[in-house]
Amino acid sequence: MSVTRFSPDGLQPHTPYHHVAVATGSRHIHVSGQIARRGDGTPVAPGDLSGQVAEALRNTGRALAGADSSFEDVVRLTFYVTDWAPEKIGPFMAGIESVIEELGLPWPLPPASLIGVDHLFEPDVLVELEATAISH
């Protein structure tokens, strides 16, 4: 395995992600921001944060597979969410939880950040996801 994830003592406990990932490997894979769109550009889950999180993860999985990789190789996830407010954490996490088994997401997740933004490049896009992976 090229990635080891852990949370050292003294860091915030009970998070849905690990605080640290240590990766060894020669292939660095950077996945551009993925959104809730089908391959033909059709929007998925308009107005539904949970559905858009799930689809952004699916598209990230497709991108990783295209690089002969998977979520097991991911060392970092960065989520950008429009109009973020703490009460959105439920739907956000529901979107992740809905695809854990389907996509083979590690749990807890790799180190992750959730960044609130005013808007993304199109008004219907509620979430965008970037990933970094390392593999052999």
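Two strands count as paired when DSSP finds at least two bridges between them. The legends below refer to a predicted model.

**View 1. The four-stranded sheet and its parallel pair E4 and E5.** Leu 77 stands opposite Ala 112 in strand E5. E4 and E5 run in the parallel sense and are linked over six bridges. The sheet is open, pairs its four strands in a mixed manner, and follows the order E3-E6-E4-E5. Because E3 and E5 (112–117) each have a single partner strand, they stand at the edges, and one side of each is left without a neighbour in the sheet. From one strand to the next, the twist averages 10°.

**View 2. Helix H1 against the sheet.** Helix H1 packs on the sheet and touches E3, E4 and E6. The direction of H1 makes about 30° with that of E6.

**View 3. The largest nonpolar core.** This core comprises 26 residues. Those with the most contacts inside the core are Leu 57, Leu 77, Phe 79, Phe 92, Ile 96 and Leu 105. Two or more residues each are given to the core by strand E3 (27–34), helix H1 (49–66), strand E4 (74–82), helix H2 (89–97) and strand E6 (127–135). H1 supplies the largest share, six residues.

**View 4. The surroundings of Phe 92.** Phe 92 is among the core residues with the most contacts inside the core. Residues up to four places away in sequence are not counted here; beyond them, Phe 92 touches Leu 49, Val 53, Phe 79, Val 81, Trp 84 and Leu 114. One of these partners, Phe 79, is also listed among the core residues richest in such contacts.

**View 5. Asp 73, a buried acidic residue.** Asp 73 lies in the loop between H1 and E4. The residue is buried yet forms no salt bridge. Arg 27 offers the nearest side chain of opposite charge, 6.3 Å away; a salt bridge would require a side-chain nitrogen of Lys or Arg within 4 Å of a carboxyl oxygen. Setting aside residues up to four places away in sequence, Asp 73 touches Ser 2, Val 3, Arg 5, Thr 132, Ala 133, Ile 134 and Ser 135.

**View 6. Arg 58 on helix H1.** Arg 58 is located in helix H1. Its relative accessibility is 22%, so Arg 58 counts as partly exposed. Leaving aside neighbours within four places in sequence, Arg 58 is in contact with Val 99, Glu 102 and Leu 103. Val 31 is 27 residues apart from Arg 58 in sequence and 12 Å apart in space, C-alpha to C-alpha.

Terms used: Residues numbered from 1 in each chain as written. Predicted model: local features only at pLDDT ≥ 70, side-chain atom pairs only at ≥ 80, totals over all residues. Heavy atoms only, no water. Core = buried A, V, L, I, M, F, W, Y, C linked by side-chain atoms within 4.5 Å. Buried < 20%, exposed > 50% of the residue type's maximum accessible area, 1.4 Å probe, protein only. Contact = heavy atoms within 4.5 Å. Axes fitted to C-alpha atoms, helices over the stretch in contact; angles between N-to-C directions. Lys, Arg positive; Asp, Glu negative; His and termini not counted.
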